[in-house]
Amino acid sequence: MDDEIICIGCGAKLQSDDPKQAGYLPASALKKAQETEDTDVYCQRCFRLRHYNEIMPVDLNNDDFLALLNSLAEKKALVVNVVDLFDFSNSLLSSLKRFVGDNDFILVGNKFDLFPLNTCQSKIKDWMRQEANRMGLHPKEIFLISAARQKYLDDLIEYLNKASQKEDIYFVGMTNVGKSTLINAIIDKMGDIKDLITTSRFPGTTLDRIEIPLENGHYLADTPGIMSQNQLATRLNPKDLESASPKKPLKPATFQIKPGNTIFLGGLGRIDFIKGDPAGFTVYAARAVTLHRTKTSNADDFYQKHVAEMLTPPTGSDYLPPLKGQEYHTDFKSDLLFGGIGFVTVPANCVVKTYTPDKIGLGIRRALI
Ligand code: GDP
(Lines give C-alpha, C1' and ligand atoms only; values in the text may rest on other atoms or scores of the structure.)
Protein backbone atom coordinates (compact mmCIF):
# COMPACT_ATOMS: atom_id res chain seq x y z
CA MET A 1 0.00 0.00 0.00
CA ASP A 2 1.24 3.47 -0.83
CA ASP A 3 1.31 5.37 2.46
CA GLU A 4 1.48 8.78 0.85
CA ILE A 5 -1.86 10.56 0.83
CA ILE A 6 -2.33 14.06 -0.50
CA CYS A 7 -4.82 16.48 1.03
CA ILE A 8 -7.44 17.06 -1.65
CA GLY A 9 -7.92 20.60 -0.37
CA CYS A 10 -4.46 22.09 -0.55
CA GLY A 11 -2.32 19.39 -2.15
CA ALA A 12 0.05 18.99 0.81
CA LYS A 13 1.31 15.53 1.73
CA LEU A 14 -0.63 14.37 4.78
CA GLN A 15 1.50 13.89 7.91
CA SER A 16 0.86 13.56 11.61
CA ASP A 17 4.28 14.60 12.92
CA ASP A 18 3.97 18.36 13.18
CA PRO A 19 0.68 20.25 13.59
CA LYS A 20 2.41 23.43 12.45
CA GLN A 21 3.48 22.06 9.10
CA ALA A 22 1.39 21.70 5.97
CA GLY A 23 -0.79 18.61 5.61
CA TYR A 24 -1.18 17.83 9.31
CA LEU A 25 -3.79 15.28 10.28
CA PRO A 26 -4.00 13.64 13.73
CA ALA A 27 -2.39 10.19 13.71
CA SER A 28 -5.65 8.33 14.29
CA ALA A 29 -7.36 9.99 11.31
CA LEU A 30 -4.35 9.48 9.09
CA LYS A 31 -4.12 5.83 10.08
CA LYS A 32 -7.77 5.34 9.28
CA ALA A 33 -7.34 6.92 5.86
CA GLN A 34 -4.35 4.70 5.16
CA GLU A 35 -6.13 1.56 6.28
CA THR A 36 -9.23 2.22 4.25
CA GLU A 37 -7.10 3.52 1.36
CA ASP A 38 -9.31 6.56 1.40
CA THR A 39 -7.90 9.22 -0.93
CA ASP A 40 -10.69 11.68 -0.36
CA VAL A 41 -9.09 13.26 2.71
CA TYR A 42 -8.55 16.81 3.91
CA CYS A 43 -5.75 17.88 6.21
CA GLN A 44 -6.89 19.35 9.51
CA ARG A 45 -6.25 22.86 8.33
CA CYS A 46 -8.38 22.54 5.19
CA PHE A 47 -11.05 20.69 7.13
CA ARG A 48 -11.37 23.48 9.68
CA LEU A 49 -11.26 26.10 7.02
CA ARG A 50 -14.05 24.46 5.07
CA HIS A 51 -16.27 23.69 8.00
CA TYR A 52 -15.61 26.46 10.47
CA ASN A 53 -14.09 29.16 8.26
CA GLU A 54 -11.17 29.13 10.61
CA ILE A 55 -7.58 29.68 9.61
CA MET A 56 -4.70 27.71 11.17
CA PRO A 57 -1.20 29.05 10.70
CA VAL A 58 1.30 26.92 8.87
CA ASP A 59 5.00 27.35 8.19
CA LEU A 60 5.51 27.39 4.46
CA ASN A 61 8.94 26.37 3.44
CA ASN A 62 9.91 29.15 1.06
CA ASP A 63 12.90 27.29 -0.35
CA ASP A 64 10.71 24.43 -1.54
CA PHE A 65 8.40 26.91 -3.06
CA LEU A 66 11.09 28.82 -4.90
CA ALA A 67 12.50 25.52 -6.15
CA LEU A 68 9.07 24.65 -7.49
CA LEU A 69 8.78 27.95 -9.30
CA ASN A 70 12.33 27.68 -10.60
CA SER A 71 11.56 24.31 -12.09
CA LEU A 72 8.96 26.02 -14.24
CA ALA A 73 11.64 27.47 -16.47
CA GLU A 74 12.74 23.96 -17.42
CA LYS A 75 9.26 22.77 -18.29
CA LYS A 76 7.26 23.32 -21.42
CA ALA A 77 4.25 24.98 -19.95
CA LEU A 78 1.93 27.90 -20.22
CA VAL A 79 2.27 30.09 -17.15
CA VAL A 80 -0.89 31.83 -15.99
CA ASN A 81 -0.34 34.66 -13.52
CA VAL A 82 -3.60 35.39 -11.75
CA VAL A 83 -3.75 38.91 -10.35
CA ASP A 84 -6.20 40.83 -8.21
CA LEU A 85 -7.44 43.86 -10.13
CA PHE A 86 -7.96 45.57 -6.81
CA ASP A 87 -4.41 45.11 -5.74
CA PHE A 88 -2.78 44.73 -9.09
CA SER A 89 0.69 46.16 -8.49
CA ASN A 90 1.09 44.03 -5.41
CA SER A 91 -0.26 40.88 -6.98
CA LEU A 92 1.83 40.94 -10.13
CA LEU A 93 4.65 38.47 -9.61
CA SER A 94 7.72 40.62 -10.13
CA SER A 95 10.06 37.64 -10.13
CA LEU A 96 8.05 35.94 -12.84
CA LYS A 97 10.46 36.88 -15.59
CA ARG A 98 13.01 34.60 -14.00
CA PHE A 99 10.60 31.69 -13.61
CA VAL A 100 8.89 31.79 -16.96
CA GLY A 101 12.01 31.08 -19.02
CA ASP A 102 11.07 30.67 -22.67
CA ASN A 103 7.51 29.75 -21.85
CA ASP A 104 4.51 31.82 -22.80
CA PHE A 105 2.65 33.53 -20.08
CA ILE A 106 -0.68 35.26 -19.76
CA LEU A 107 -2.16 37.62 -17.21
CA VAL A 108 -5.58 36.96 -15.74
CA GLY A 109 -7.07 39.94 -13.91
CA ASN A 110 -9.57 38.63 -11.40
CA LYS A 111 -12.41 40.33 -9.46
CA PHE A 112 -13.53 42.28 -12.54
CA ASP A 113 -17.08 42.01 -11.15
CA LEU A 114 -16.15 44.72 -8.63
CA PHE A 115 -15.64 47.39 -11.26
CA PRO A 116 -18.65 49.54 -12.06
CA LEU A 117 -20.53 48.29 -15.10
CA ASN A 118 -19.44 51.18 -17.30
CA THR A 119 -15.72 50.43 -16.89
CA CYS A 120 -13.86 50.21 -20.17
CA GLN A 121 -12.12 46.82 -20.48
CA SER A 122 -9.46 48.04 -22.88
CA LYS A 123 -8.38 50.81 -20.48
CA ILE A 124 -7.82 48.25 -17.74
CA LYS A 125 -5.92 45.97 -20.07
CA ASP A 126 -3.73 48.84 -21.30
CA TRP A 127 -2.87 49.75 -17.74
CA MET A 128 -2.08 46.13 -16.89
CA ARG A 129 0.15 45.78 -19.92
CA GLN A 130 2.03 48.98 -19.09
CA GLU A 131 2.62 47.87 -15.51
CA ALA A 132 3.73 44.43 -16.66
CA ASN A 133 6.07 45.87 -19.27
CA ARG A 134 7.59 48.13 -16.65
CA MET A 135 8.62 44.97 -14.81
CA GLY A 136 10.04 43.42 -17.96
CA LEU A 137 7.05 41.13 -18.43
CA HIS A 138 5.33 40.70 -21.77
CA PRO A 139 2.05 38.85 -21.39
CA LYS A 140 0.85 37.16 -24.57
CA GLU A 141 -2.76 37.72 -23.61
CA ILE A 142 -4.65 39.53 -20.87
CA PHE A 143 -8.04 38.36 -19.62
CA LEU A 144 -10.41 40.11 -17.24
CA ILE A 145 -12.59 37.69 -15.35
CA SER A 146 -14.58 37.08 -12.22
CA ALA A 147 -13.78 33.69 -10.73
CA ALA A 148 -16.23 33.95 -7.86
CA ARG A 149 -19.13 34.97 -10.06
CA GLN A 150 -17.99 32.61 -12.83
CA LYS A 151 -18.31 35.47 -15.28
CA TYR A 152 -16.33 36.41 -18.39
CA LEU A 153 -14.62 33.01 -18.26
CA ASP A 154 -15.45 31.66 -21.72
CA ASP A 155 -12.60 33.28 -23.66
CA LEU A 156 -10.07 32.26 -21.04
CA ILE A 157 -11.29 28.67 -20.97
CA GLU A 158 -11.19 28.45 -24.74
CA TYR A 159 -7.62 29.75 -24.67
CA LEU A 160 -6.59 27.26 -21.97
CA ASN A 161 -8.29 24.40 -23.76
CA LYS A 162 -6.28 25.14 -26.87
CA ALA A 163 -3.01 25.61 -24.98
CA SER A 164 -3.50 22.41 -23.01
CA GLN A 165 -3.46 20.38 -26.23
CA LYS A 166 0.27 20.97 -26.40
CA GLU A 167 1.48 21.78 -22.88
CA ASP A 168 0.74 21.78 -19.17
CA ILE A 169 -0.72 24.86 -17.57
CA TYR A 170 0.73 26.34 -14.40
CA PHE A 171 -1.21 28.81 -12.32
CA VAL A 172 0.88 31.15 -10.20
CA GLY A 173 0.00 34.15 -8.08
CA MET A 174 0.18 35.92 -4.80
CA THR A 175 -2.19 34.76 -2.08
CA ASN A 176 -5.74 36.03 -2.01
CA VAL A 177 -5.94 36.95 -5.69
CA GLY A 178 -8.60 34.26 -6.20
CA LYS A 179 -6.42 31.65 -7.86
CA SER A 180 -8.07 28.69 -6.12
CA THR A 181 -11.53 30.06 -6.84
CA LEU A 182 -10.56 30.40 -10.49
CA ILE A 183 -9.21 26.86 -10.78
CA ASN A 184 -12.35 25.52 -9.14
CA ALA A 185 -14.45 27.51 -11.58
CA ILE A 186 -12.43 26.16 -14.51
CA ILE A 187 -12.80 22.60 -13.28
CA ASP A 188 -16.48 23.25 -12.79
CA LYS A 189 -16.80 24.39 -16.38
CA MET A 190 -14.48 21.79 -17.88
CA GLY A 191 -15.32 18.66 -15.94
CA ASP A 192 -17.31 17.19 -13.11
CA ILE A 193 -14.84 17.45 -10.22
CA LYS A 194 -16.06 20.15 -7.88
CA ASP A 195 -14.49 22.19 -5.09
CA LEU A 196 -11.28 20.25 -5.28
CA ILE A 197 -9.11 23.04 -4.04
CA THR A 198 -9.68 24.88 -0.80
CA THR A 199 -10.76 28.45 -1.37
CA SER A 200 -11.09 31.04 1.29
CA ARG A 201 -10.67 34.69 1.89
CA PHE A 202 -7.67 34.05 4.08
CA PRO A 203 -4.31 34.38 2.43
CA GLY A 204 -2.02 31.40 2.08
CA THR A 205 -4.60 28.65 1.85
CA THR A 206 -3.18 26.70 -1.05
CA LEU A 207 -0.08 24.80 -0.03
CA ASP A 208 2.26 22.79 -2.16
CA ARG A 209 1.34 22.01 -5.75
CA ILE A 210 -1.80 20.30 -6.89
CA GLU A 211 -2.11 18.75 -10.33
CA ILE A 212 -5.39 18.20 -12.10
CA PRO A 213 -5.03 15.74 -14.96
CA LEU A 214 -6.81 16.55 -18.20
CA GLU A 215 -8.17 14.04 -20.67
CA ASN A 216 -5.56 15.01 -23.25
CA GLY A 217 -2.69 13.84 -21.03
CA HIS A 218 -1.61 17.30 -19.91
CA TYR A 219 -2.54 18.84 -16.58
CA LEU A 220 -3.48 22.03 -14.82
CA ALA A 221 -1.20 22.73 -11.88
CA ASP A 222 -1.95 25.05 -9.00
CA THR A 223 1.07 26.36 -7.13
CA PRO A 224 1.01 27.85 -3.63
CA GLY A 225 0.14 31.51 -3.36
CA ILE A 226 3.04 33.70 -2.39
CA MET A 227 2.50 35.93 0.61
CA SER A 228 3.80 39.45 0.65
CA GLN A 229 3.95 42.05 3.35
CA ASN A 230 2.90 44.46 0.61
CA GLN A 231 -0.55 42.99 0.51
CA LEU A 232 -3.03 44.40 2.93
CA ALA A 233 -4.65 40.96 3.00
CA THR A 234 -1.66 39.52 4.83
CA ARG A 235 -1.78 42.26 7.49
CA LEU A 236 -5.47 42.32 8.40
CA ASN A 237 -7.20 39.90 10.71
CA PRO A 238 -9.85 37.73 9.03
CA LYS A 239 -12.78 39.83 10.20
CA ASP A 240 -11.27 43.10 8.99
CA LEU A 241 -10.16 41.49 5.75
CA GLU A 242 -13.73 40.39 5.21
CA SER A 243 -15.10 43.91 5.60
CA ALA A 244 -12.34 45.58 3.57
CA SER A 245 -12.82 43.14 0.64
CA PRO A 246 -15.56 44.30 -1.66
CA LYS A 247 -18.14 41.69 -2.57
CA LYS A 248 -20.42 43.74 -4.80
CA PRO A 249 -19.62 46.20 -7.59
CA LEU A 250 -18.15 49.33 -6.09
CA LYS A 251 -20.56 52.17 -5.72
CA PRO A 252 -18.88 55.52 -6.21
CA ALA A 253 -19.21 58.09 -3.42
CA THR A 254 -18.33 61.65 -4.48
CA PHE A 255 -17.14 64.30 -2.03
CA GLN A 256 -17.01 67.95 -3.06
CA ILE A 257 -13.85 69.12 -1.34
CA LYS A 258 -11.21 71.81 -1.36
CA PRO A 259 -7.57 72.00 -0.35
CA GLY A 260 -7.28 71.53 3.40
CA ASN A 261 -9.83 68.70 3.43
CA THR A 262 -9.15 65.05 4.19
CA ILE A 263 -11.17 61.93 3.49
CA PHE A 264 -10.73 58.75 5.52
CA LEU A 265 -11.41 55.32 4.05
CA GLY A 266 -12.23 53.61 7.31
CA GLY A 267 -9.08 53.51 9.42
CA LEU A 268 -7.10 52.00 6.55
CA GLY A 269 -6.78 54.85 4.09
CA ARG A 270 -6.59 58.62 4.05
CA ILE A 271 -6.33 61.21 1.31
CA ASP A 272 -5.41 64.85 1.94
CA PHE A 273 -6.24 67.47 -0.68
CA ILE A 274 -3.20 69.76 -0.57
CA LYS A 275 -3.41 71.98 -3.66
CA GLY A 276 -5.82 72.52 -6.56
CA ASP A 277 -9.23 73.96 -7.37
CA PRO A 278 -12.20 72.75 -5.33
CA ALA A 279 -13.25 69.45 -6.92
CA GLY A 280 -15.18 66.20 -6.66
CA PHE A 281 -13.15 63.29 -5.30
CA THR A 282 -14.85 59.98 -6.00
CA VAL A 283 -14.17 57.08 -3.66
CA TYR A 284 -14.55 53.45 -4.81
CA ALA A 285 -14.37 51.07 -1.86
CA ALA A 286 -16.27 48.23 -0.18
CA ARG A 287 -19.55 49.32 1.37
CA ALA A 288 -18.35 48.26 4.81
CA VAL A 289 -15.54 50.82 4.67
CA THR A 290 -16.84 53.92 6.46
CA LEU A 291 -15.99 57.20 4.72
CA HIS A 292 -15.40 60.42 6.66
CA ARG A 293 -14.45 63.92 5.66
CA THR A 294 -12.61 66.23 8.03
CA LYS A 295 -10.18 69.14 8.04
CA THR A 296 -6.60 68.12 7.33
CA SER A 297 -5.41 70.27 10.24
CA ASN A 298 -7.53 68.11 12.51
CA ALA A 299 -7.02 64.77 10.73
CA ASP A 300 -4.27 63.28 12.93
CA ASP A 301 -6.27 63.87 16.11
CA PHE A 302 -9.46 62.68 14.45
CA TYR A 303 -7.73 59.46 13.44
CA GLN A 304 -6.24 58.82 16.88
CA LYS A 305 -9.60 59.36 18.47
CA HIS A 306 -11.79 57.40 16.08
CA VAL A 307 -9.74 54.63 14.49
CA ALA A 308 -11.36 51.22 15.03
CA GLU A 309 -14.44 52.93 16.38
CA MET A 310 -15.97 55.41 13.90
CA LEU A 311 -13.30 54.63 11.31
CA THR A 312 -13.70 50.92 10.48
CA PRO A 313 -12.29 48.59 9.35
CA PRO A 314 -10.06 47.85 11.23
CA THR A 315 -11.93 46.90 14.34
CA GLY A 316 -8.75 46.92 16.41
CA SER A 317 -5.90 49.37 15.88
CA ASP A 318 -3.23 47.71 17.94
CA TYR A 319 -2.06 45.19 15.37
CA LEU A 320 -1.62 47.45 12.34
CA PRO A 321 1.37 49.63 11.51
CA PRO A 322 0.67 53.39 11.61
CA LEU A 323 -0.58 55.30 8.57
CA LYS A 324 2.20 56.65 6.37
CA GLY A 325 1.77 58.99 3.44
CA GLN A 326 3.01 59.65 -0.06
CA GLU A 327 2.48 62.83 -2.07
CA TYR A 328 1.26 62.79 -5.67
CA HIS A 329 0.67 65.42 -8.33
CA THR A 330 -1.98 64.50 -10.89
CA ASP A 331 -1.04 65.46 -14.45
CA PHE A 332 -4.35 64.08 -15.71
CA LYS A 333 -7.52 62.71 -14.17
CA SER A 334 -6.13 59.93 -11.98
CA ASP A 335 -7.00 57.06 -9.67
CA LEU A 336 -5.13 57.11 -6.38
CA LEU A 337 -4.76 53.49 -5.41
CA PHE A 338 -5.24 51.97 -1.97
CA GLY A 339 -4.32 48.37 -2.84
CA GLY A 340 -6.86 45.90 -1.50
CA ILE A 341 -9.22 48.65 -0.30
CA GLY A 342 -10.17 50.57 -3.43
CA PHE A 343 -9.26 53.80 -5.20
CA VAL A 344 -10.13 57.49 -5.31
CA THR A 345 -10.57 59.31 -8.62
CA VAL A 346 -9.34 62.92 -8.61
CA PRO A 347 -9.14 65.52 -11.40
CA ALA A 348 -5.99 66.73 -13.15
CA ASN A 349 -3.73 69.30 -11.50
CA CYS A 350 -4.22 68.36 -7.87
CA VAL A 351 -1.60 67.77 -5.23
CA VAL A 352 -2.74 65.09 -2.82
CA LYS A 353 -1.19 62.92 -0.14
CA THR A 354 -2.45 59.38 0.33
CA TYR A 355 -1.87 57.16 3.35
CA THR A 356 -2.23 53.52 4.34
CA PRO A 357 -0.63 51.49 7.14
CA ASP A 358 3.08 51.55 6.27
CA LYS A 359 2.16 52.86 2.77
CA ILE A 360 0.98 49.37 1.78
CA GLY A 361 -0.61 49.34 -1.65
CA LEU A 362 -0.28 53.05 -2.49
CA GLY A 363 -0.08 53.99 -6.16
CA ILE A 364 -1.47 56.08 -8.98
CA ARG A 365 -2.74 55.42 -12.51
CA ARG A 366 -4.60 57.26 -15.24
CA ALA A 367 -8.30 57.21 -14.30
CA LEU A 368 -10.06 54.10 -15.59
CA ILE A 369 -13.62 55.35 -15.30
P1 GDP B 1 -6.08 32.42 -3.53
O2 GDP B 1 -5.35 32.67 -2.23
O3 GDP B 1 -5.47 33.20 -4.65
O4 GDP B 1 -6.24 31.00 -3.89
O5 GDP B 1 -7.53 33.10 -3.34
P6 GDP B 1 -8.97 32.46 -3.03
O7 GDP B 1 -9.47 31.72 -4.23
O8 GDP B 1 -8.92 31.75 -1.73
O9 GDP B 1 -9.82 33.82 -2.93
C10 GDP B 1 -9.44 34.89 -2.09
C11 GDP B 1 -10.61 35.81 -1.81
O12 GDP B 1 -11.00 36.50 -2.99
C13 GDP B 1 -11.87 35.08 -1.33
O14 GDP B 1 -12.49 35.87 -0.33
C15 GDP B 1 -12.74 35.01 -2.56
O16 GDP B 1 -14.11 34.98 -2.25
C17 GDP B 1 -12.39 36.32 -3.23
N18 GDP B 1 -12.61 36.22 -4.69
C19 GDP B 1 -12.14 35.27 -5.52
N20 GDP B 1 -12.55 35.50 -6.78
C21 GDP B 1 -13.29 36.63 -6.75
C22 GDP B 1 -14.00 37.37 -7.75
O23 GDP B 1 -14.07 37.05 -8.92
N24 GDP B 1 -14.65 38.49 -7.30
C25 GDP B 1 -14.64 38.89 -6.00
N26 GDP B 1 -15.31 39.99 -5.69
N27 GDP B 1 -13.99 38.22 -5.04
C28 GDP B 1 -13.33 37.09 -5.40
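This report looks at the chain as a whole, then at one pocket and one helix.

**The chain**

The model is predicted. Its chain has ten helices and 16 strands. Of the 369 residues, 53% count as buried. Contacts often link distant parts of the sequence. Among contacts with a separation of 6 or more, 70% come from residues 24 or more positions apart.

**The second largest pocket**

This pocket has a volume of about 510 Å³. Its lining is made of 30 residues. Nearest the centre lie W127, E131, L337, I364 and R365.

Where in the chain does the pocket lie? Domain 2 (62-234) and domain 3 (244-366) both contribute to the lining, so the second largest pocket lies between them.

Several elements give two or more residues to this lining. Two helices are on that list: helix 4 (88-91) and helix 6 (121-134). Strand 13 (334-338), strand 14 (342-346) and strand 16 (362-366) are on it too. Helix 6 gives the most, with six residues.

The lining of the second largest pocket is mixed in class, as the table shows.

| Class of lining residue | Number in the second largest pocket |
|---|---|
| Nonpolar | 13 residues |
| Polar | eight residues |
| Charged | nine residues |

**Helix 10**

Helix 10 spans residues 296-306. Which of its residues are buried? They are A299, F302, Y303 and H306. These four cover an arc of only 100° around the axis, which means that they sit on the same side of helix 10.

What covers them? The cover includes four strands: strand 8 (261-265), strand 9 (269-275), strand 11 (291-295) and strand 12 (323-329).

The other side of helix 10 has exposed residues: S297, D300, D301, Q304 and K305. After the helix comes A308, with a positive phi near 70°.

**S297 in detail**

S297 belongs to helix 10. Is this residue buried or exposed? The relative accessible area of S297 is 72%, and over 50% counts as exposed, so S297 is exposed. It is on the side of helix 10 away from the buried residues.

S297 can also be placed relative to N261. The two residues are 36 positions apart in sequence. In space, their C-alpha atoms are 8.3 Å apart.

**In short**

The second largest pocket lies between domain 2 and domain 3, and helix 6 gives the most residues to its lining. Helix 10 has buried residues on one side and exposed residues, including S297, on the other.

Technical notes
Residues numbered from 1 in each chain as written. Predicted model: local features only at pLDDT ≥ 70, side-chain atom pairs only at ≥ 80, totals over all residues. Heavy atoms only, no water. 1 Å grid on protein atoms, 1.4 Å probe; cavity = no way out; pocket = protein on both sides within 12 Å on 5 of 7 lines; lining within 4 Å. Points joined across faces, edges and corners; volume = space filled by probe spheres on them. Nonpolar A, V, L, I, M, F, W, Y, C, P; charged D, E, K, R; others polar. Domains from an automatic or database assignment. Buried < 20%, exposed > 50% of the residue type's maximum accessible area, 1.4 Å probe, protein only. Arc of directions from axis to C-beta. Contact = heavy atoms within 4.5 Å.
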